[in-house]
Amino acid sequence: MAKKFSKNAYFRNRELSWIDFNGRVLEEARDADNPLLERINFLGITQSNVDEFFMVRVASLNKLVSVGITDTDPSGMTPKEQIDAINEAEHEMVDRRYSTLNRSLLPLLEKEDIFLLKPADLTEDQQEFIRNYFEDELYPVLTPMADDSSRPFPFISNNSLNLAIMLKKQDDNGNLFATLRIPDVFPRIVRVPGGNNEFILLEDIVKEYTEQLFTGYKVEEAAVFRVIRDMDLDVAEKDSSDLLRAVQNQLKEREHGGVVRLEIEDSIGDVLKKRLIKTLKVDKKAVYLINGPVDLTFLKKLPRFVTGHDDLRYAPFRKHLDPALSMKQNIFDSIRNSDYLLQHPYDSFDAVTNFIHQAATDPDVLGIKMTLYRVSGNSPIIKYLGMAAEAGKQV
């Protein structure tokens, strides 16, 4: 008798399965057999992965909860139960990510004379450098925003780094509050003089000299935080007479989507933390106290800043391009003679772009039909498809 697979226990929730997938990426950062700078990169990838996951997948679950949907998925979980389980699992993942960084990767970097410094670690010359950098470069673009009864709490944009600041007027005992966005027009990783590979993060420079922005006030506390907002697009094609306009409107509206995740430095005091949570209207389960730099995506860029140390990177990989699929040959003639199986990344993707290029310029080609997913901004395939369209081919 055939077994009916209808029990919830037979199924794994899709979202929790994704958390497990990101855990496997984290294992690459924890694997001592991988080169050190590649492990740093993998750790940064886990952060960008989970950011997108919350912006879209968790955000879509929040929408279901907001309209009272209580239907269960195949694993038997309601949207609210899924969100709670995701946050519980992700809190454990955050602990593992920062434990990997603080207890393993940073000490290993220091053994290789690669340092991610704090202001207190700097020499006098380095202190002078960051002070000048703040006054000459950063100060003109910083805009503190007061948070009081006469002014609304400023809008905190998605995925931006900010400082939550508690102030005290020099002649008053009451506390005042402000926020300050860390400018993203500057590199977050700043190389300091005195060593080949000594760096400091931009937010640590800003935090060190924040008091210069508040004349007559004393900065009691400053903590870095960021929010992840609902960035999910919700466009009903069948109900939209102008799909492009509907997408454009959704893109504008999603910038102000609800907060699905709040990350705060774990050194923050209770008063400032409660104020942030209340003002941003975020579920306490979606609040993450961070033991280290908030937003680890900068780690994907750190290896590019490091000079030398080729031994800490993967050895260069030489991909193969069959001469029959190069631009020097007519690829149509080649594939008439035999089939070619490409296995990427071992086989060069140039074979594909060469094929599209020749198809775009071949007068005997009437049309090109293909499905594209996540092409880069300067994709040669997009360029060649444009050439084909301009030549009158169906694309």
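A cavity here is a set of points, on a 1 Å grid over the protein atoms alone, where a 1.4 Å probe fits but cannot get out, and its lining residues have an atom within 4 Å of a point. The model is predicted, with local features needing pLDDT of at least 70 and side-chain atom pairs counting only at pLDDT 80 or more, while totals for chains, interfaces and linings use all residues. Residues are numbered from 1 along each chain as its sequence is written, and side-chain values use heavy atoms, with hydrogens and water left out.

Two cavities of 30 Å³ or more turn up. The largest holds about 60 Å³ (the space filled by probe spheres set on the points, which are joined across faces, edges and corners). Its lining consists of D147, F153, A164, I165, F177, A178, T179, L272, R275 and L276. Strands β3 (162-169) and β4 (175-181) and helix α7 (270-280) each give two or more residues to that lining; these are DSSP runs, H or I of at least four residues for helices and E of at least two for strands.

The second largest cavity comes in at about 40 Å³, and its walls include K118, E203, D204 and E265.

As for packing, the largest nonpolar core (buried Ala, Val, Leu, Ile, Met, Phe, Trp, Tyr and Cys joined through side-chain atoms within 4.5 Å, buried being under 20% relative accessible area with a 1.4 Å probe, protein chains only) has 72 residues, with F54 and L138 making the most contacts inside it. Helix α2 (residues 36-66) is the top contributor, giving 12 residues. A second, separate core of 19 residues includes V227, V259, L276 and L280.

Methods:
1 Å grid on protein atoms, 1.4 Å probe; cavity = no way out; pocket = protein on both sides within 12 Å on 5 of 7 lines; lining within 4 Å. Buried < 20%, exposed > 50% of the residue type's maximum accessible area, 1.4 Å probe, protein only.
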